[in-house]
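Dear colleague,

I am passing on the structure we spoke about, so that you can look at it alongside my notes. Please open it first and keep it beside you while you read.

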Amino acid sequence: MAASCKRVAIFGATGMTGSATLAQALEAGYQVTVLVRDPVRLPPELQPAHIIVGDVLNPEDVGRTVKGQDAVIIILGTRNDLSPTTMMSDGTRNIVEAMKAHGIRKVVVCLSGDQPLTGDYTVTVDSSAGSRVISKHDLGHFFLKCLTTAEYDGKNVYLSRHYPKE
């Protein structure tokens, strides 16, 4: 873990990708703060240092979550709810505004699918060519890798891996 990035806020920690990322962050020794609407949705074995109960649509809740953090991981989603919503765009806007207010410049944002952790994936910078399949576990692995390097800062990054069919 990079010395300059020990405290990280995770938004979306109760989702599939979020819980995989949270587990890896805790195992790696990060001091994690999460914003959750319902703390019961956090698995008992995944207890971050700080749990903020609130809503990503509430700028004050978001501000309390990012205060004192070195970095932010945004993994917002709607699960299987495909109805119209502005939660992800409005929530992300609130997070970015709070990050600016608190001087946080390191952010990792992405969406994913469901495959096993391999740690063996392709990182493509500034090109979306090729497959866009990545497991929630590999995505969490990459999120944490981004906290320890400036290699991908300010770049559009696409992850992919060929997973054998079972």
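Below I describe how two helices pack together and then where the nonpolar cores lie.

Please bear in mind that this is a predicted model. A pair of packed helices is described by the angle between the axes and by the distance that separates them. Here helix α1, which covers residues 16-27, packs against helix α4, residues 136-146, at an angle of about 50°, and the two axes are 8 Å apart. Because oblique is the word for angles that are neither roughly parallel, roughly antiparallel nor roughly perpendicular, α1 is oblique to α4. Their crossing is right-handed.

If you look at the contact itself, you will find that α1 contributes Met16, Thr17, Ala20, Thr21, Gln24 and Ala25, and that these meet α4 residues including Lys136, His137, Leu139 and Phe143. Sorted by class, this contact has six nonpolar, six polar and one charged residues.

Helix α4 is mostly covered, since eight of its eleven residues are buried; among them are Lys136, Asp138, Phe142 and Cys146.

The largest nonpolar core has 26 residues, and within this core Ile10, Leu22, Val32, Val34, Ile73 and Leu147 touch the most other members. Two or more residues come from each of β1 (7-11), α1, β2 (31-36), β4 (71-74) and α4, and α4 gives the most, with five residues. There is also a second, separate core of 15 residues, which includes Ala9, Leu76, Met87 and Ile104.

With best wishes

Terms used
Residues numbered from 1 in each chain as written. Predicted model: local features only at pLDDT ≥ 70, side-chain atom pairs only at ≥ 80, totals over all residues. Heavy atoms only, no water. Axes fitted to C-alpha atoms, helices over the stretch in contact; angles between N-to-C directions. Helix = DSSP H or I, 4+ residues; strand = E, 2+ residues; numbered from the N terminus. Parallel < 35°, antiparallel > 145°, perpendicular 65-115°, else oblique. Left-handed = near helix turned anticlockwise from the far one by under 90°. Contact = heavy atoms within 4.5 Å. Nonpolar A, V, L, I, M, F, W, Y, C, P; charged D, E, K, R; others polar. Buried < 20%, exposed > 50% of the residue type's maximum accessible area, 1.4 Å probe, protein only. Core = buried A, V, L, I, M, F, W, Y, C linked by side-chain atoms within 4.5 Å.
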